[in-house]
Amino acid sequence: MNTGCRIEVRGTVQGVGFRPWVYRLAQETGVGGRVRNHSLGVTIEAFGGMRALDEFVNRLRVQAPPPALVRGLELSAIPPESVDSFVIQPSAHGSDRVVSIPPDLATCPDCEHEVLDSGDRRHHYPFTNCTSCGPRFTIATDVPYDRRATTMGPFEMCKLCQREYDSVADRRFHAQPNACPVCGPRLELLTDEGLPISTSDPLITAAARLVSGQIVAIKGLGGFHLACDATRPDVVKELRLRKHRDEKPFAVMVRDLAMARTLAEMSPEEELLLRSPERPIVLVKAHERTGLAPEVAPGSRMLGLFLPYTPLHHLLLEAVDSPLVMTSANLAEEPICIGNDEAFRRLKQIADALLIHDRDIVTRCDDSVARVIAGKPTVLRRSRGYVPRAIELSRPLRAPVLACGAHLKNTFCLADRSHAYLGPHIGDLENLEALDFFESAVARMERFLRIRPEVVAHDLHPGYLSTQYAESRDESLKVAVQHHHAHVVSAMAEHGLEGPVIGVAYDGTGYGTDGTAWGGEVLLTELDRFERLATFRPIPLAGGDTAIREPWRIAVALLADAYEGEPPVGTDLWFPDIAEKRLRVVQQMIERGINTPRARGVGRYFDGIGALVLGKATSSYEGQVAVAWNLVADSQERGLYDFGFDTGAPDEIDLRPLVRGVVADICARVPASVISARFHNTLIEATVRLVENAASAVGRLPVVLTGGVFQNPILAEGVSHRLAERFDVRLHSKVPPGDGGIALGQALVADAIARKRM
Ligand code: ZN
Ligand code: ZN
Ligand code: FE
């Protein structure tokens, strides 16, 4: 007997070859009917015998092709129809909600082969893609995801491409950005004056220029890169000069895994992460000798590697046959460039040539950054390849929320019902360019996701641009969320925990409810509130934020505090490069408490002690000294220093004994690697003590570890290892532990608080 069934499919099912796959499945199982895309997902109406329908639905559930992600199937019976075929219907437009624009996908192996195959009609064509790969989010102008709603709209397909696009059996059936050398986007190479360089193959000419030592701006997927030969010290140094970038490491793109292995020691997990379809920059430890210019990552063995993720990259790396620096094209802290004119305007001073093309980028999307921590891939910067994939929430929200995120490393979050969507990496919200990018990205995501927020969450700090933006919005319900509360809830959300939990949030800084800078917090946390159980003894930051760039100031403050103003060795001996006058001024500031806000960030101890032991007075980018301090640690050393534990409300960890231990070790010429290990061991021990103490007061609740300091694998692994036996310990993985993950927590806290007010 013929029966009818409507199947609503939710998940990432558009732009990933899902409908053709459904079509083929229908053919195989002998089911008739139709399938269509709409802004909510995909609807299938299927007709056939009971057994055929059964098999059809079962295979839908379990066999979807890899780039598709079926989140749910909803079945309902409908009146049977006698149909003798199965058809793919054109997309329906509707005002109903949400989307499934997938993230941009790295070139698949099939497309890679075609591009490198001299017999293929797409040989050397840098914009080759198919239903399993290619640009998506960054070229989408609207939903549903359809060719005319992308920047491929203006390109009319040639006969061959159209045939592929229309043929259900083809790998490019309804591949929206489908293109070939005849009908698709084209490359052009420009001089730094914007004049076209005449060449039959702009890509090969660009490659030759890279080999000859030039800096070339290259239009990629989510923005422009600045590229140069990573093995030439003179060239990399020149790039640093022109880009005004001191010592912050550059990411390096390598041709393939084999080339990656020549540069770094990688675990199987790290290799897997490197090859994942999201293609993040993966932080790995470089070999002692790599052949890379030392200027790529001055003074650091931490290397950010990534593999090609567009055909253009594959072809370029093939032609250059050497690792390339590929860094976001911008000046210092500005957002990454996306438009051709903008690129020319902003990059002509930096690049010797620009490799551009005529497919527009709509949404900026920086490269993502990830690292293996405690054996698991952990996203540190979540952007291209991940955005706008949803994060599933364990309980639906009461009303749609916009969370404006943190001040530094900003991302925002739009959340509705059971899904939260983190936006692309915006960067530090410290200038108007970044604010512009933030505002336009929010507006676009609201449109894509058809989310109209009713609640706006923002940081507690009244002075942040994000707070001012939140206040300027029309929604009536605004909720201020404390920074570390948001960190903890973001980790809870990732694991579907609704609290209470013992949240350990260690970072550099975050505005506390008392108006001071917090950052070493143990919080008994629920979604709508928290109780501060413990913190760290504050450090006076002479000059405020200046002390973060000049960690010698933190070291001086730590010494003054630990020895009550009388360190055993003259402070001037620790930092011979710092003029005595400046040293005195800073000492006086600390003594008298002038312009020295007190901060409790655990990250500051890494900066201060690292600076002291490594003799590194200044930090040219955030976290530089902390990362160096982490990298030198000797993994065999088991020793640790004393620390104090002062009970109170909240309890306080006192690290003055640690400072005195470190000084004694330095005087006894104990190697930095041993001191670093002892320092880490002490922090692990102190954290374990804090958690156990908290548990004795509030019970053995799950423990979440969050905040930028837990990007440090020694600490993250050490603490979770020590607590694992007695506690359920959770670390971040899909959402950054640092401030890039905060928006998710803000959204959930705001929802929990808004429930009570609505
Ligand atoms: Zn492909
Ligand atoms: Zn074509
Ligand atoms: Fe933070």
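Tutor: A polar contact is a pair of N or O atoms within 3.5 Å. The model discussed here is predicted.

Student: At the start of α13, which residue's side-chain oxygen reaches the backbone nitrogen of His484?

Tutor: The cut-off for a polar contact is 3.5 Å. At the start of α13, an oxygen comes to within 2.8 Å of the His484 backbone nitrogen. That oxygen belongs to the side chain of Gln482.

Student: How many residues of α13 are buried?

Tutor: Helix α13 runs over residues 483-494. Among its buried residues are His483, His487, Met492 and Glu494. The helix is mostly covered, and the buried count is 12 of 12.

Student: What phi does Gly496 take?

Tutor: Gly496 lies just after α13. Its phi is positive, at about 65°.

Student: Why is strand β6 largely enclosed by the rest of the structure?

Tutor: Strand β6 covers residues 187-191. Buried here means under 20% relative accessible area. The strand is largely enclosed because the buried residues number 4 of the 5.

Student: Which residue in β14 stands opposite Leu187?

Tutor: β6 pairs with β14, residues 353-357, in the antiparallel sense over 5 bridges. Opposite Leu187 in β14 stands His357.

Student: Which helix gives the most to the largest nonpolar core?

Tutor: The largest nonpolar core has 72 residues, and Phe536 is one of those that touch the most other members. Away from its sequence neighbours up to four places off, Phe536 touches residues including Tyr506, Leu683 and Leu690. The most residues, 10, come from the helix spanning 672-698, α21.

Definitions and conventions: Residues are numbered from 1 along each chain as its sequence is written. Chains are lettered from A and ligands numbered from 1 in the order in which they are written. This is a predicted model: local features need pLDDT of at least 70, side-chain atom pairs count only at pLDDT 80 or more; totals for chains, interfaces and linings use all residues. Side-chain values use heavy atoms; hydrogens and water are left out. Buried means under 20% relative accessible area, exposed over 50%, partly exposed in between (1.4 Å probe, protein chains only). Helices (H or I, at least four residues) and strands (E, at least two) are DSSP runs, numbered from the N terminus. Two strands pair if DSSP finds at least two bridges between them. A nonpolar core is a set of buried Ala, Val, Leu, Ile, Met, Phe, Trp, Tyr and Cys residues joined through side-chain atoms within 4.5 Å. Contact means heavy atoms within 4.5 Å. The expected span of a helix is 1.5 Å times one less than its number of residues. A polar contact is a pair of N or O atoms within 3.5 Å; within protein, one must be able to donate a hydrogen and the other to accept it, and residues adjacent in sequence count only if both atoms are side-chain atoms.
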